[in-house]
Amino acid sequence: EIHIKEPIEKEVNPHLLPGELLLCEASTVYKYIQEDGSNRGTYGKLVCTNFKIAFLDDDSASDDNEPQFKNKIVGENDITLQCVDQIYGVYDEKKKLLTGQLRKYPEKLIIYCKDLRVFHFCLRYTKEEEVKRIVSGIVHHSQTPKLLKRLFLFSYASAAPNNTGGRNQTVMFDTLEDWRDELERTKGNVKYKAVTTNEGYRVSEKLPLYFVVPICVSEESILKYEGRGIPIWCWSCHNGAALLKMSAFPKEQDDITSQTQKAFLDGIYKTISKPPYELLKMDDLSSSLPSLQDIQIAYTRFKQLFLIDNSTDFWATDVKWFSLLESTNWLEIIRRVLKKAIEVAECLERQHTNVLLIEESATDLCCVISSLVQVMMDSYSRTKSGFQSLIQKEWVIGGHGFLDRCNHLHKSDKEEAPVFLLLLNCVWQLVQQYPPAFEFTETYLTVLSDSLYVPIFSTFFFNSQHQKDTNMSGESLKTQSAPFRFLTVWDWPVQFDPKAQAFLNNPLYAEKPKLDKSQRKTARFKHQRQLSLPLTQTKSSSKRGFFREETDHLIKNILGKRIGKFINSSDEPPNSFREFYDSWHSKPVDYHGLLLPRIDGPEIKVWAQRYLRWIPEAQLHGGGTIATAAKILDLMEEVQSLQVKMDEEHSQAVSGDVHSVPMLRNSARLSSLFPFALLQRQSIKPALPTSTWKDLEDEDDLVKRDDEFVDLSGDM
């Protein structure tokens with residue numbers, strides 16, 4: 001039996017962005033709202049444009065049903081073409097991966113997204129010709145290789161009005177002045193200099209126009225091997241020790257070339273290693289961290305745990321959840337990366353030693369480690385503008401190959417690896433362990449990860465500054481000869497209105513301490529230790545099995561505990577590392593000083609908001625961090641209104657981000673998956689634990705009742 005909304009009578013047309021073209025469409029498509037056996041859903045129109053796949057129903061036309069956290073570019077039923085992961089067709093109840101030319105067209109379409117949404121469309125009631133057009137159109141435009149200039153990024157840039165977005169405080173690092181300012185900020189200008197050697201990309205197309213090297217390094221040295229073998233400055237510690245990176249020479253070389261390069265490197269090392277005054281530690285990340293291929297394999301396994309087709313699949317995997325999670329190796333990779341960052345921090349902070357990170361291109365794991373070290377050691381990188389500037393410096397200008405690593409053009413699966421996602425996962429560990437130390441929230445990190453797949457921003461759609469610069473010209477388009485004006489992802493008002501942006505800012509961010517430091521540290525120490533304690537196990541219910549109780553209590557292992565493997569890990573940290581690690585954790589936390597993540601046992605957790613936000617069975621009704629945040633925001637509103645009353649006579653507005661706090665009422669009714677997946681509106685049924693839903697699942701009348709559920713299609 002299928003419970004449906006009747007097909008819509010009125011015509012609903014997609015909202016098209018500048019430069020967006022409608023390519024194909026199909027009417028009378030049935031979208032399942034919740035794949036739980038009840039087949040609940042709605043009829044509508046499925047369309048494909050040069051930007052997105054969109055499902056339009058009668059709700060799409062009304063504005064009175066809008067969520068509080070609405071993305072202005074990508075709607076809740078929209079999937080950008082770059083966000084499509086895999087497409088399956090269902091033929092006689094059997095799933096088949098759809099690629100290339102199709103001989104037979106499916107009766108059902110399943111689209112798996114890179115942001116972990118799953119869409120089910122039934123095409124049984126759609127005209128055969130429309131089915132052929134929409135299925136072949138979606139597969140072709142989202143799965144086949146394409147040219148760079150065919151990205152919607154260029155269509156949008158050429159058709160959109162000349163908007164540069166709102167001004168923000170993010171340092172873009174595309175000018176010499178930006179690098180000099182950063183040197184001055186970190187007091188690195190005594191030993192390091194910003195160079196213009198690569199202007200016109202005469203050294204290398206992989207290097208940025210401007211970068212920083214040790215003062216002793218000559219222009220001839222930089223030019224000699226196209227920038228290889230040159231230590232490039234990332235950041236300077238308060239004690240003068242610096243973090244550097246270097247792209248290595250190819251390992252397979254003939255003897256004469258190898259000896260020449262070794263002599264060159266020895267000369268370079270002497271410029272930054274002058275014992276006992278200047279010490280240098282070199283770290284080859286290709287041998288001390290997992291390979292990009294290992295990272296890709298681990299993440300591919302890991303994400304499968306969250307691409308849930310239906311409620312039955314969810315519960316079927318629950319009993320073996322811990323072993324499935326451990327077998328992916330994803331959390332272990334996060335732990336190893338964080339451990340490496342702590343080792344580097346120890347060299348810089350305690351040993352006052354320069355650290356040189358070495359990698360083949362110095363644009364993948366070097367970016368991860370250097371960024372993490374700066375987040376841990378520099379409180380500026382824990383502010384919103386500071387973190388954005390860090391991403392610009394180390395990743396965008398630093399030459400990380402976003403285009404290849406995200407496989408935006410579907411050119412080669414071999415180059416694909418979730419390196420930037422790995423960084424965001426590691427930063428999230430720090431954010432959830434030390435919330436007051438960060439000006440931004442986990443929602444900010446989640447939205448940033450989603451923005452990887454929105455091709456109206458240039459930030460994550462080029463492999464290098466050179467590639468962007470050479471494609472800035474619009475001469476190939478007849479309609480425009482002026483250079484493209486690309487938007488940057490840091491222009492948040494393009495995606496969100498002020499109320500939605502409030503969710504990106506942490507209301508409990510600890511400002512620079514003004515009181516006596518010892519008093520503030522003592523207070524924080526007590527509070528922080530309470531925040532970081534792992535949850536204790538609850539008493540098992542006599543009426544229910546162990547695994548059911550375990551699953552219900554941890555909500556699909558939000559904590560992602562991996563106790564056994566971590567505690568008994570074979571690669572125990574060396575004594576000096578362990579001493580540094582334990583010593584730091586035994587002291588009060590200074591939220592504006594060095595932060596070291598806890599990496600033992602259950603401390604490495606699953607990023608629940610990103611990975612569980614579309615799964616209704618995993619939600620906590622009226623619970624989770626969002627319920628706490630809602631109460632805090634309500635309190636801030638009250639404080640704000642009192643402040644306004646006090647200042648009325650002076651006609652002064654309250655300054656700061658408090659202005660944009662959204663009105664959150666009835667926060668007890670929010671799901672833990674808010675603000676991404678919303679509860680069904682106008683529902684009056686009380687929220688029940690997920691286990692209770694499972695117990696009642698076999699009841700005959702349950703399907704016919706208006707359940708309170710999470711809309712799986714809810715996009716930000």
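This report walks through a predicted model of a single chain, from its overall make-up to a few local details.

## The chain as a whole

Let's start with the broad picture. The chain has 716 residues, and 57% of them are buried. Its secondary structure comes to 24 helices and 15 strands. About 32200 Å² of surface is exposed, and carbon and sulfur atoms supply 51% of that area.

How do the contacts spread along the sequence? Taking contacts between residues at least 6 apart in sequence, 73% join residues at least 24 apart.

## Strand β6 and its two partners

Strand β6 covers residues 84-91 and pairs with β7, residues 94-97. The two run antiparallel and are joined by 4 bridges. Two of the facing positions are worth finding on screen: V90 stands opposite K95 in β7, and G89 stands opposite K96 in β7. Together β6 and β7 make a hairpin, with 2 residues between the strands. In that turn, D92 has a positive phi of about 50 degrees.

β6 also pairs with β8, residues 108-113. This pairing is antiparallel too, with 6 bridges, and here I87 stands opposite I111 in β8. Is β6 buried or exposed? Of its 8 residues, 7 are buried, so the strand is largely enclosed by the rest of the structure.

## A mixed sheet of four strands

Further along the chain there is an open sheet of 4 strands. Reading across the sheet, the order is β12-β13-β15-β14, and the pairing is mixed. Which strands stand at the edges? They are β12 (232-236) and β14; each has a single partner strand, so one side of each is left without a neighbour in the sheet. From one strand to the next, the twist averages 20 degrees.

The partner of β14 can be followed in more detail. β14 and β15 run parallel and are joined by 5 bridges. Within this pair, K281 stands opposite V355 in β15.

## Where two helices cross

Now for a helix pair. Helix α10 spans residues 330-349 and helix α21 spans residues 575-585; their axes come within 10 Å and cross at roughly 90 degrees. Angles from 65 to 115 degrees count as roughly perpendicular, and α10 and α21 are therefore roughly perpendicular to each other.

Which residues make the contact? On the α10 side they are K339, I342, E343 and E346, while α21 brings S576, F577, F580 and Y581. By type, the residues of this contact divide into 4 nonpolar, 1 polar and 3 charged.

## Backbone details in the loops

Some backbone geometry deserves a closer look. Most residues other than glycine have a negative phi, and most peptide bonds are trans. Against that background, three places in the loops are good stops on the tour.

One of these is K187, which has a positive phi of about 60 degrees although it is not a glycine. K187 is found in the loop between α3 (176-185) and β10 (192-195). Another is A362, whose phi is positive and near 60 degrees, again in a residue other than glycine. A362 sits in the loop between β15 (354-359) and α11 (365-377). Their surroundings can be told apart by accessibility: K187 is exposed, with a relative accessible area of 63%, whereas A362 is buried, with a relative accessible area of 6%. The cut-off for buried is under 20%, and for exposed it is over 50%.

The remaining stop is a cis peptide bond, which joins P275 and P276 and has an omega of about 0 degrees. P276 belongs to the loop between α5 (255-272) and β14 (280-284), and β14 is one of the edge strands of the four-stranded sheet.

## K512, a loop residue with distant contacts

Last comes K512, found in the loop between α17 (498-501) and α18 (517-532). Is K512 buried or exposed? Its relative accessible area is 53%, so K512 is exposed.

What does K512 touch, leaving aside residues up to four places away in sequence? It touches S379 and H592. K512 and S379 are 133 residues apart along the chain, and their C-alpha atoms are separated by 9.8 Å.

Notes: Residues are numbered from 1 along each chain as its sequence is written. This is a predicted model: local features need pLDDT of at least 70, side-chain atom pairs count only at pLDDT 80 or more; totals for chains, interfaces and linings use all residues. Side-chain values use heavy atoms; hydrogens and water are left out. Axes are lines fitted to C-alpha atoms, for helices over the stretch in contact, and angles run from 0 to 180 degrees between N-to-C directions. Angles under 35 degrees count as roughly parallel, over 145 as roughly antiparallel, 65 to 115 as roughly perpendicular and the rest as oblique. Contact means heavy atoms within 4.5 Å. Ala, Val, Leu, Ile, Met, Phe, Trp, Tyr, Cys and Pro count as nonpolar, Asp, Glu, Lys and Arg as charged, and the others, Gly among them, as polar. Two strands pair if DSSP finds at least two bridges between them. Buried means under 20% relative accessible area, exposed over 50%, partly exposed in between (1.4 Å probe, protein chains only). Accessible areas come from the Shrake-Rupley method with a 1.4 Å probe; for residues, only the protein chains shown count as cover.
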